[in-house]
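Work through the exercises below with the sequence and the model open. Each task is followed by a solution in steps.

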Number of protein chains: 2
Amino acid sequence: MTISTPTLSLQDWLNQCSKQVDAALDTLLPPPTLAPEKLHSAMRYATCNGGKRLRPALVFAAGEMVGANPADLMFVACAVELIHAYSLVHDDLPCMDNDTLRRGKPTVHVQFDEATALLVGDALQTLAFDVLTHPSIQINTSIRLDMIRLLARASGSQGMAGGQAIDLESTGKRLDQTSLAQMHNLKTGALLRASIMLGVLCGGMLDVNTLATIDAFSHTIGLAFQVADDILDATASTATLGKTAGKDAAQDKATYVSLLGLAQAQSYAQTLLTTANTHLAQLGPQNTLRLQQLAELIVNRSS
Amino acid sequence: MTISTPTLSLQDWLNQCSKQVDAALDTLLPPPTLAPEKLHSAMRYATCNGGKRLRPALVFAAGEMVGANPADLMFVACAVELIHAYSLVHDDLPCMDNDTLRRGKPTVHVQFDEATALLVGDALQTLAFDVLTHPSIQINTSIRLDMIRLLARASGSQGMAGGQAIDLESTGKRLDQTSLAQMHNLKTGALLRASIMLGVLCGGMLDVNTLATIDAFSHTIGLAFQVADDILDATASTATLGKTAGKDAAQDKATYVSLLGLAQAQSYAQTLLTTANTHLAQLGPQNTLRLQQLAELIVNRSS
């Protein structure tokens with residue numbers, strides 16, 4: 001499991017990451033032939049589906065910067081991706097976003113059924129924490145406990161799940177920009193930030209100032225990710241996104257586009273990218289190339 | 001947080017356990033005044049509801065047997081109870097058992113709404129793993145990782161969630177006794193067994209033979225719990241149970257009562273109790289009083 005090849009183009013590096021994450025997830029997910037077969041098949045359907053693996057890429061990029069062991073990074077990348085996959089399955093459920101399309105395919109509750117989708121999300125979350133306890137991981141056990149806590153905090157009621165709860169409550173309300181940022185900071189930002197911080201922790205403990213700078217960078221690209229997401233929802237087609245486009249406007253959700261207008265939202269995304277790069281520059285001689293490239297990708301992606 | 005008081009009657013000891021677990025959960029759950037308030041209120045509604053706290057009692061009983069630190073046991077007891085609480089919230093959802101009553105009160109999705117109930121379950125599961133990483137826990141970090149893995153395995157697709165999946169698939173089918181036992185072994189048995197094993201691990205590592213005997217005991221009472229549950233569902237009233245009675249027959253679910261008949265099921269429960277006591281007797285001079293009392297309670301409870 002070698003990830004670090006500095007000469008690769010970003011696209012080749014991302015393809016390599018995805019391929020290796022897909023292979024690792026294939027090993028970590030229970031085989032579809034093991035009982036309960038339907039649940040195990042559905043867990044794979046939800047996870048092994050051509051996802052972009054952006055969060056794993058952030059884990060690798062941050063981990064490479066601090067010279068972490070690639071094999072350790074792979075477990076952590078898979079744990080983060082499992083949390084992300086669980087959240088998508090539950091978010092798509094009829095009682096939540098009621099979405100039927102994800103990455104160009106029927107969502108889990110459409111392909112299987114609602115009860116199975118509920119259990120798939122539950123079991124993928126459990127597996128994420130299981131993976132972080134894997135006996136092959138070489139990271140110091142005390143740091144490992146910190147990492148499990150960090151992932152839990154980023155995912156729970158004061159992280160991702162909490163952001164989703166605020167999103168639900170605010171549908172149809174006119175949020176101001178501060179409230180919108182707070183909501184997204186939890187809903188999508190928390191797990192993106194955790195991906196970077198977990199990658200960094202794989203390399204051991206860093207000094208407080210460096211950690212704070214990395215966290216400021218993570219916070220900024222977490223926000224930039226959401227601004228770009230809102231722009232894409234308003235401008236891209238369902239075919240390009242692989243999920244239902246125009247959903248935010250249809251559901252009368254507050255977005256950066258509804259709040260600022262399209263042109264202002266696009267300009268805000270570029271400003272955030274500049275800020276993110278300023279943070280990276282403060283890290284001095286560290287190898288921040290991949291993080292820089294990922295920040296740009298997050299803002300300027302087309303799907 | 002002192003739990004060990006050998007002179008207390010079982011009922012007083014259980015009351016003391018419940019009270020202390022309730023107080024600890026109150027500290028560990030986010031305050032209802034913290035955003036997102038609705039989610040945090042609903043998490044408390046789902047958890048602080050007069051539950052019997054049987055799994056925490058098993059953690060304490062097993063932990064006392066091996067002289068574990070009561071403060072450590074409390075965190076572990078809360079983690080197990082949080083997993084149990086999450087599973088009840090999700091099991092009650094319309095797409096699953098569609099139940100409206102739990103412990104004599106409206107279920108979470110009835111009291112709040114489905115989306116909130118989904119997030120409550122998700123966030124309670126996350127909190128369970130968070131709690132096991134609590135910095136105040138004194139247990140060796142390597143054993144702690146083993147404990148997190150054990151809880152994850154007991155809860156996930158090859159444990160509790162897997163049992164629920166098998167239960168769903170088997171509704172309306174004529175299961176034989178072996179398949180029924182396998183299903184329950186996962187659905188309810190896995191977390192009961194984990195409670196005992198986690199309590200034991202709080203005291204450090206034991207020799208393989210002792211662990212195997214304790215596991216055999218745990219396996220037996222896990223099964224006995226379900227046989228007793230099936231008997232109660234068929235014989236007790238909704239008022240006594242605090243949840244809808246007669247549900248199994250109404251949903252045409254395979255149970256020990258439908259399979260063996262009531263009298264045979266009752267006699268099977270007593271046989272399992274005898275077997276459980278035989279296992280405990282093999283532990284020799286250990287203080288197994290509370291485990292013995294809990295085994296009897298599990299079989300002969302009235303709700």
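**Exercise 1.** Place A:Ser195 in the predicted model: in which helix does A:Ser195 lie, is A:Ser195 buried or exposed, and what does its side chain reach?

Solution.
- Step 1. The residue belongs to helix H9 of chain A.
- Step 2. Its relative accessibility is 0%. Buried means under 20%, so A:Ser195 counts as buried.
- Step 3. The side chain of A:Ser195 reaches the backbone oxygen of A:Leu191, at a distance of 2.7 Å.
- Step 4. Setting aside residues up to four places away in sequence, A:Ser195 touches A:Arg55, A:Leu58, A:Val59 and A:Val80.
- Step 5. A:Ala62 is 133 residues from A:Ser195 along the chain, and their C-alpha atoms are separated by 8.2 Å.

**Exercise 2.** Stay in helix H9 of chain A and find A:Thr188. Which side chain is joined to that of A:Thr188 by a polar contact?

Solution.
- Step 1. Helix H9 covers residues 177–201 of chain A, and A:Thr188 lies in it.
- Step 2. A:Thr188 has a relative accessible area of 14% and is therefore buried.
- Step 3. Beyond its neighbours within four places in sequence, A:Thr188 is in contact with A:Phe225 and A:Gln226.
- Step 4. The side chain of A:Gln226 is the partner, in a polar contact of 3.0 Å.

**Exercise 3.** Describe the setting of A:Ser218. Which backbone oxygen lies 2.7 Å from a polar atom of its side chain?

Solution.
- Step 1. A:Ser218 is placed in helix H10 of chain A, residues 208–235.
- Step 2. With a relative accessible area of 0%, A:Ser218 is buried.
- Step 3. The backbone oxygen in question is that of A:Ile214.
- Step 4. Leaving out neighbours within four places in sequence, the contacts of A:Ser218 are A:Arg193 and A:Ile196.

**Exercise 4.** Turn to B:Tyr268. Is B:Tyr268 buried or partly exposed, and which residues does it touch?

Solution.
- Step 1. B:Tyr268 sits in helix H14 of chain B, which runs over residues 262–281.
- Step 2. The relative accessible area is 22%, so B:Tyr268 is partly exposed.
- Step 3. Not counting residues up to four places away in sequence, B:Tyr268 touches B:Gln177, B:Leu223, B:Val227, B:Tyr256 and B:Leu260.
- Step 4. For B:Ala154, 114 residues away in sequence, the C-alpha to C-alpha distance from B:Tyr268 is 25 Å.

**Exercise 5.** Examine the backbone. Where is the cis peptide bond with A:Pro36, and which loop holds A:Arg53?

Solution.
- Step 1. The cis bond joins A:Ala35 and A:Pro36, with omega about -5°. A:Pro36 lies in the loop between helix H1 (10–28) and H2 of chain A.
- Step 2. In chain B, a cis peptide bond joins B:Ala35 and B:Pro36, with omega about -5°. B:Pro36 has its place in the loop between helix H1 (10–28) and helix H2 (37–47) of chain B.
- Step 3. A:Arg53 is in the loop between H2 and helix H3 (54–65) of chain A. Although not a glycine, A:Arg53 has a positive phi of about 60°. At 2% relative accessible area, A:Arg53 is buried.
- Step 4. A:Arg103 also has a positive phi, about 50°, and is not a glycine. The loop here is the one between strand E1 (101–102) and strand E2 (105–106) of chain A. A:Arg103 is partly exposed, with a relative accessible area of 25%.

**Exercise 6.** Count the disulfides over all chains, then check A:Cys48 and B:Cys202.

Solution.
- Step 1. The count is zero.
- Step 2. The cysteine sulfur nearest to that of A:Cys48 belongs to A:Cys78, 9.6 Å away. A disulfide needs the sulfur atoms within 2.5 Å, and A:Cys48 is in none.
- Step 3. For B:Cys202 the nearest cysteine sulfur is that of B:Cys78, at 12 Å, and B:Cys202 is in no disulfide.
- Step 4. A:Cys48 is partly exposed, at 34% relative accessible area, whereas B:Cys202 counts as buried at 8%.

**Exercise 7.** Describe the interface of chain A and chain B. How many residues does each chain give to the contact?

Solution.
- Step 1. Chain A gives 43 residues and chain B gives 43 residues.
- Step 2. The two chains bury about 3700 Å² between them, and 69% of this is on carbon and sulfur atoms.
- Step 3. There are two salt bridges between chain A and chain B. One of them pairs B:Asp130 with A:Arg153, with the closest N and O atoms 2.6 Å apart.
- Step 4. On the side of chain A that touches chain B, H6(A) gives the most, with ten residues.
- Step 5. By type, the residues on this side of chain A are 22 nonpolar, 13 polar and eight charged.

Note on methods:
Residues numbered from 1 in each chain as written. Chains lettered and ligands numbered in written order. Predicted model: local features only at pLDDT ≥ 70, side-chain atom pairs only at ≥ 80, totals over all residues. Heavy atoms only, no water. Contact = heavy atoms within 4.5 Å. Buried area = accessible area lost by both parts, 1.4 Å probe. Salt bridge = Lys/Arg side-chain N within 4 Å of Asp/Glu carboxyl O. Helix = DSSP H or I, 4+ residues; strand = E, 2+ residues; numbered from the N terminus. Nonpolar A, V, L, I, M, F, W, Y, C, P; charged D, E, K, R; others polar. Buried < 20%, exposed > 50% of the residue type's maximum accessible area, 1.4 Å probe, protein only. Polar contact = N/O pair within 3.5 Å; in protein donor to acceptor, adjacent residues only side chain to side chain.
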